[in-house]
Every structure is written in C-alpha cells, then in structure tokens.
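Please load the model in your viewer and keep a selection panel open. The stops below can be followed in order.

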Amino acid sequence: MQLETDLIHVARPEQRPAPVNPPVVRTSTVTFESLAEMRDTKQRREQGERMFSYGRRGTPTTYALEDAISRLEHGEHTQLLPSGVAAINLVFMSLLGPGAHVVIADSVYQPVRRIVEGWLRPWGVAVDYFDGSAEHLVATLRDDTRLIYTEVPGSLVYEMQDLPALAAIANERGIPLAVDNTWASGIRMQPLAHGAAVSLMAGTKYLVGHSDVMLGSVTANGDIGQRLRETAITMGQSIGGDDAYLALRGVRTLACRMETHDRQARELGEWLVGQPQVVRVHQPSRPEHPGHALWQRDFTGGNGLLTVEFSADTPAQRVDTLVDRLTLFAIGSSWGGFESLALPCNIAAARQLDTRWASRGPCLRLHVGLEAVDDLKADLEQAWAAVQVA
Ligand SMILES: *Cc1c(COP(=O)(O)O)cnc(C)c1O
C-alpha cells in the first residue's frame, strides 16, 4: 500500500461499531479492577510494552498518533513531545552526557545553537559544527563523538546533504545519526530508510497543518527508541489528548495538503525568479538549486517553503516595505499551516561556517499556503509594484 493510503487507515479504532477517529482520552490517573491487574500492567510496562497506566506515560489517543507517525517515518517507536524544540532536546538528553562530543550541521534550525550554548556546553558536552559534506563530517569526528545531528534540507536556504553517505559514515563507526525531518514531515522523505538512527519532527508545522497545536516527535528503532521513551518519561515530557487528537486529524490530510503547497510554491518560485532585484529563489525543487540532484534522488516532492534572495545592493528596508504591503501573506514565525506567511530572515546570523552570507543581500522567506495561487500571485504583484514606485 502507498503511504497516502496508510495514513488514512493507520491508528483507527478497532472496536465495532466504532467512531472513525480515536476518542480523546483526558486523564491523569488510570484505575484498575484489582491490584493484580495494576501490578501486571507495571510488569509488562517494565518489559518495554506500551501500557496505559498513567497520563504522563501516554493514553490511547497519544498512542494512536504515535502509531501514525511511526508509519509515516518507517520506524518502530515514536515519542511525542510538547514542541519541536523539546524533541531536539530529548535527542540530546538521551544520547549525550558530560564528556561526550556531538557534531552538528552548520545549516541547522537556529534555536539549536541556543541549546548548544545554553545547556550542552555548560553541561560538559563538546560541540563541533560540520559543513554538511561527508568529507568535513569525517574530519570533525572524534573518538568520543556520541552523536551526529543534522537537518535536511537546511533551515532557511535549504542546503542539501547526501544523507545516505552521512548515515554510512555514522553506521560504520557505531555513532547514531539524528535528523530533523520537519521539512519533509515524513511524507517527502524518511531518514530511517536512508540509514539514520533517529528522525525528529516539529509536528507543529505540516503534521498539525492548521497552526493551532505545538507538537514534537522523535522516531527510532530498537534500543534507541526505548531509551528515548524512558528519557522522555523520566523528564516528565508528555502531551495532552486534545493536542494528539488534532495532530492525528492533520496527519490524515497531510499528503493532499503537501501536494498543493508544493505545486503552488513552485509556481510562485518561478514567478519570483523573474522579478527585479531577485538574484535567486532558494527552493530545492528548482533545477538551479545546488542540491537539486540529491533532493530529486532522496525526496518524493517539495513543500510550501521558498526563500527569495535579493541583490546585495537592495536595502533591507525595501524588503520590510514589501512585507508590510502584502495582504494575503501574514507576518509571523513558523510554517506548515494552511495559511501563507512572509518573514525577512538573516542567513548570516544563522550560519557559522558558511561565511558567504555576510556579503549577500537580504532574504525573505515565504510559506505558500492553500489560498488560490492566482490570488497569492496577485498579492505579490501588487506589493512588488508598490515597492518599485516607492
Ligand atoms: C519549527 C522547527 C522546529 C521547532 O519546532 P517548535 O514546535 O516550534 O518548537 C524544529 N526544527 C525545525 C526544522 C523547525 O522548522
């Protein structure tokens, strides 16, 4: 069966007759018929079974979402967290400790650097960044490297990496490779299928798809999957049934939403590339994107993101004016919801090794939503025209 079909049929209630969707379970305490039943549940739980025994350990509603995400990610175990950032932290917490070394891709989601400076280094973890290439990764590894952490494509300008090559290097040395898979959100690529040990996502983005829930997920196989779950429970990380319910509802329509986001973003990218002062449109589906061939090999399609790079002589103020003129593109952080968004971004501040950005022009990230693409194009046209006159 194709993934699209699976996402409709996975994690549906089994009892008959049944509602279509798993009901929302809201509870802290779980009550038992007898002490024997309670003790049996605890014993099975300690042997690694996912047992409904206390709200913090999950409920049938969160289990249903975990199962759907496991299917999406081609993995065995999924742990849910209250945000994408919590998912990143869970990976670090579970696989690192004082004295360990971690290698992180330079093109990561910017808040990861905050995690590095805010607690990884103070906690006694040594951190190095690599430029995304297999050669530089090998050069950066040490005997005490315990984790390789990356994100494909990179945040903001979507640098591609050869994921199977990075995974081969990691697996040869027995070092887990963790991948932030938010861009693909499982529907466009599954890191575990390319050899990664851990895949994490900000479910906040495309899985939820409606900008109304914060969610993170971490998926892994075997022992690492168990370890991630135990750490999450130890650290008191859990999510409520209502959020899990909404996220599962989002997953049902992920495939068709993503197709529309992708198609519309390609159309607008094509239009934007021809506009004055635009020197590049960063979008992996564009043939001139430096990682286009790798993206075509490893991904089944695109999403709604693109980043417009203006010429170096474009004043940042001009981009701000353009954003303020847009009426259908709202101004806001995040992406992956049904709505279009625009946000100026500073790439130089988001990269350490890649120093080319200091001398380049301002950038504008767009998330192309599910509005009619002609309306979105008209909105961009009027804003562009207004800026040319101003
Ligand atoms: C948004 C995002 C996150 C963080 O997700 P939150 O739910 O906002 O904490 C992590 N990684 C990537 C690539 C993201 O885009």
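Begin with α12 (316-325) and α13 (373-389), each of which supplies at least two residues of the lining of the second largest cavity, where helices (H or I, at least four residues) and strands (E, at least two) are DSSP runs numbered from the N terminus. This is a predicted model, in which local features need pLDDT of at least 70 and side-chain atom pairs count only at pLDDT 80 or more, while totals for chains, interfaces and linings use all residues. Residues are numbered from 1 along each chain as its sequence is written, and side-chain values use heavy atoms, with hydrogens and water left out.

To show the second largest cavity, select P276, Q277, F310, T314, R318, V319, L322, W384, V387 and Q388, which line it. A cavity is, on a 1 Å grid over the protein atoms alone, a set of points where a 1.4 Å probe fits but cannot get out, and lining residues have an atom within 4 Å of a point. The space in this cavity is about 50 Å³, a volume being the space filled by probe spheres set on the points, with grid points joined across faces, edges and corners. Colouring by class gives six nonpolar, three polar and one charged residues in this lining; Ala, Val, Leu, Ile, Met, Phe, Trp, Tyr, Cys and Pro count as nonpolar, Asp, Glu, Lys and Arg as charged, and the others, Gly among them, as polar.

Next, turn to the largest cavity, one of three of 30 Å³ or more that a search of the whole structure finds. The largest cavity has a volume of about 90 Å³, and the residues to select around it are R56, R57, G58, T62, E66, Q79, L80, R229, I233, Q237, S238 and I239. The elements giving two or more residues to this lining are α3 (60-73), β1 (77-81) and α8, and by class the lining has three nonpolar, five polar and four charged residues.

From β1, move out to the open sheet of seven strands, whose order is β1-β7-β6-β5-β4-β2-β3 with mixed pairing; two strands pair if DSSP finds at least two bridges between them. Because β1 and β3 (126-130) stand at the edges with a single partner strand each, one side of each is left without a neighbour in the sheet. Five bridges join β1 to β7 (residues 216-220), and these two strands run antiparallel; L80 stands opposite S217 in β7. Helix α8 lies across β1, β6 and β7, running at about 25° to β1, where axes are lines fitted to C-alpha atoms, for helices over the stretch in contact, and angles run from 0 to 180 degrees between N-to-C directions.

Now select α4 (residues 84-95) together with α8 (residues 222-234), whose axes come within 9 Å and cross at roughly 105°. The two helices are therefore roughly perpendicular to each other, a term for angles of 65 to 115 degrees. Their contact (heavy atoms within 4.5 Å) is made by L90, V91, M93, S94 and L95 of α4 and I224, R227, L228, T231 and A232 of α8, which divide into seven nonpolar, two polar and one charged.

Finish at the largest pocket, with a volume of about 600 Å³; a pocket is an open set of points with protein on both sides within 12 Å along at least five of seven lines. Of the 32 residues that line it, Y109, P111, K205, W335 and R365 are the closest to its centre. The lining residues of this pocket divide into 18 nonpolar, 10 polar and four charged.

Conventions:
Angles under 35 degrees count as roughly parallel, over 145 as roughly antiparallel, 65 to 115 as roughly perpendicular and the rest as oblique.
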